[in-house]
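Reader: Please take one part of this model and go through it closely. Keep the sentences short, and give the cut-off behind each term once.

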Amino acid sequence: MIKKLIKSVREYKKNAILTPVYMVGEVAMEMLIPFLLGKLIDKGIIEKDVNVIFMLGAVLIVAALLSLFFGICAGKHAAKASAGFAKNLRQDMYEKVQKFSFYNIDKFSTSSIVTRLTTDVGYIKDAFMAVIRGAVRSPLTIIFSFVMAFIVNWKIALVFLALAPILGFLLILIAKKAHPIFERVFYTYDDLNNVVQENVKGVRVVKSFVQEDYEVKKFEKISDSIYQDFSKAEAILAFNSPIMQFFIYLIITVISWFGAKFIVAGTMTTGEITSLITYAMSILHSLMMLSLVFVMIIISMESAKRVVELLDEVPDIANPENPIMEVEDGSIDFENVSFSYVKDENKLCLKDINLKIQSGETIGIIGGTGSSKTTLVNLISRLYDVTKGELKVGGKNVKEYDLKTLRDQVSVVLQRNELFTGTIKENLRWGNPNATDEELVEACQLAQADEFIRGFPDQYDTYIEEGGTNVSGGQKQRICIARAILKNPKILILDDSTSAVDTKTDSLIRKAFREKIPNTTKLIIAQRINSVEDCDRILVLDHGEINGIGTHQELLANNEIYKDVYESQTKGEEDGETEN
Amino acid sequence: MAKQKIDKSTLKRLFFDYLLKYYKFKFFFVIILVVISSLVGVASSLFIERLIDDYITPMLGVANPSFIPLLKALCIMACIYLTGVVSNYVYQRMMSRIAQRNIKNYS
């Protein structure tokens, strides 16, 4: 797991290595200063030698300045290394997420991906910094002090050694107790982010339904659960420092007792007992530092696990080994296709679909909510893979194509289409970065968007606000259709994407499709019969199964569902325009 | 990027409005505990000096020195140390609770 994470250090490896190197310098100076100070007192002050005082004093100042310099360098490199590491890690995770299929994203949930990219990376960064700063310094001080203690009096130094495993055992015990709580708390963070994300995104709905209080309560509940968990975990971790302190005092007491006995027996001097206690103190002080690093590691372990989980996730839709780089034509064949979102054959959303669509045909798709219309078209561009059966585009199984090739040729205007912050031009070129201005205008004319765009003061340079809030639903849909057409695809799928467009414009769009892009296969999902009645064939879906297929007239004559929908809609025809 | 200044009144609000308003008693209790814990630390340093001067040096050169005074002093010190350890634990716990609750209330 750690190996996997460390890979993201990359260009900051130098900083990560230099930090402990400078730390060694700092420790060396810190060890040297008391030694020099002792010499200054013994040789300079006691023997009243001014020359020695000046010389050693100067050396002391240099040593102090060096220690400061090393300390600053270590701090600087540590900050650079850890921030850089976090940056790379986030980048790697983000790149991975881009490769995810809808299935992978559904599996993690959007909010969990956000938490992993932000909160979790933050904890790992902190732990990484603590490790490169403390992991060398503290052990070095401990080793040095141990050696010195053994040289001074090995019998008493053995006491240190005997206590170390007990201390280690206690620290591990604390870690084991606290770990499961941290494990839980990060998943609660996912929920918290989910609530915030939903609320901010849907703030208009929240406000119009006056649900602010309810939303606040919902947030408070999750926030409270995080508080409870963190408090529990920290109550356990709070044992860390007192346990350390207990051992410091225990050792002082033991050294005092045995030291006194040894001194009285004449096997030890008073100077030696002072230095032993100093060494004991520095060992325990370093252990304390180590325990802090240890706590950081415990907290970050769970984060690390979650980050690696994301990095290790295999995108379930990937390119085949020798992908086909060209889509022959716009024909589509569904051969006994069944599909389940959870890959379970008992929970199928599409059942045994058999359908042959010729290249250039226009197919309308009608069906009630939950009849799996969107699911059906999502399979064509391989947003999901079929669970059973085979799906062919241009005569070849979709799984054999290079993903980019396939998706460039299968252009989808989704039900909930998104525009991004930027000008209309920039949004359109998102479909085809190399499109000329003429091509942009042509596509917009086809999608019946040119007219209203020219009505804006800035025309094609009109700035679209975040989420496209400054254009109407119908306008947004038409820009999205133009964007899809710009890709010049062999198959164009409109997933209920003219729902907010008035019926007249809707029929103009279809007329333009017929005349201007006759060779493109068009699949039009719609709620309104008049959006599909002039299609070559219309597919009636019911609960994931094909209920009927044929022309408008054929279906009116022999399909009950189609007839019902048609009659109910013609009755309310005068309701008319729905542009908003 | 423009340097962001820390607004002093915000800091004041953070500290006085939240910390002192909701945790007045706890906050002062924590301060007392921190002081106790620090005093124990100082006492332990002072004890080392007294250990040598008042307990070990007088025993030197005595034929049959009595370790009883030293044992008594060590027992007293052990009690002081324990007080330090306990106050350390209590304030650590209280601090983390206050900090977490503050984060929760702010969010």
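**The strands and what packs on them**

Author: Strand β9 (residues 491-495) of chain A pairs with β10 of chain A in the parallel sense, over five bridges. Strands (E, at least two residues) and helices (H or I, at least four) are DSSP runs, numbered from the N terminus. A pair of strands needs at least two DSSP bridges. This is a predicted model: local features need pLDDT of at least 70, side-chain atom pairs count only at pLDDT 80 or more, and totals for chains, interfaces and linings use all residues. Residues are numbered from 1 along each chain as its sequence is written, while chains are lettered from A and ligands numbered from 1 in the order in which they are written.

Start with the register. A:L494 stands opposite A:I524 in β10(A). On the β3 side, A:G364 also stands opposite A:I524. Strand β3 (residues 362-367) of chain A is joined to β10 (residues 521-525) by four bridges, and the two run parallel. Five bridges join β3(A) to β11 (residues 537-542) of chain A, again in parallel. There, A:I365 stands opposite A:L539.

Put these pairs into the whole sheet. It is open, has six strands, and its order in chain A is β6-β9-β10-β3-β11-β12, with mixed pairing. The edges are β6 (410-413) and β12 (545-550) of chain A. Each has a single partner strand, so one side of each is left without a neighbour in the sheet. Neighbouring strands are turned by 15 degrees against each other on average, direction ignored.

Now look at β3(A) itself. Six of its six residues are buried. Buried means 20 or more other C-beta atoms within 10 Å of the residue's own; exposed means 12 or fewer, partly exposed lies in between, and C-beta atoms are placed from the backbone. Both faces of β3(A) are covered. A:T362, A:G364 and A:I366 are buried on one side. A:I363, A:I365 and A:G367 are buried on the other. For the chain as a whole, 36% of the 580 residues of chain A count as buried.

Next, the helices on the sheet. Helix α11 (residues 373-380) of chain A lies across β3, β6, β9, β10 and β11 of chain A. Its direction is at about 155 degrees to β9(A). Axes are lines fitted to C-alpha atoms, for helices over the stretch in contact, and angles run from 0 to 180 degrees between N-to-C directions. Contact means that two C-beta atoms, placed from the backbone, lie within 7 Å.

Helix α16(A) lies across β6 and β9 of chain A, running at about 175 degrees to β6(A). It spans residues 473-486, which is 14 residues. From first C-alpha to last, α16(A) reaches 20 Å, close to the 20 Å expected at 1.5 Å a residue. That expected span is 1.5 Å times one less than the number of residues. α16(A) is mostly covered, with 13 of its 14 residues buried. After α16(A) comes A:N488, with a positive phi near 55 degrees.

α16(A) also has a helical partner. Helix α14 (residues 437-446) of chain A packs on α16(A) at about 125 degrees, with their axes 8 Å apart. That makes α14(A) oblique to α16(A). The classes are: under 35 degrees roughly parallel, over 145 roughly antiparallel, 65 to 115 roughly perpendicular, and the rest oblique. From α14(A), the contact uses A:E439, A:A443, A:C444 and A:L446. From α16(A), it uses A:A482, A:I485 and A:L486. The crossing of α14(A) and α16(A) is right-handed. In that sense the near helix is turned clockwise from the far one by less than a right angle; anticlockwise would be left-handed.

For comparison, take another helix pair in chain A. The axes of α6 (residues 154-201) and α9 (residues 240-265) come within 11 Å and cross at roughly 165 degrees. α6(A) and α9(A) are therefore roughly antiparallel. α6(A) passes α9(A) in a right-handed crossing. The α6(A) side of the contact includes A:F160, A:L163 and A:L167. The α9(A) side includes A:F247, A:I251 and A:F258.

Last, the setting. Chain A has 19 helices and twelve strands. Of its contacts with a separation of 6 or more, 78% come from residues 24 or more positions apart.
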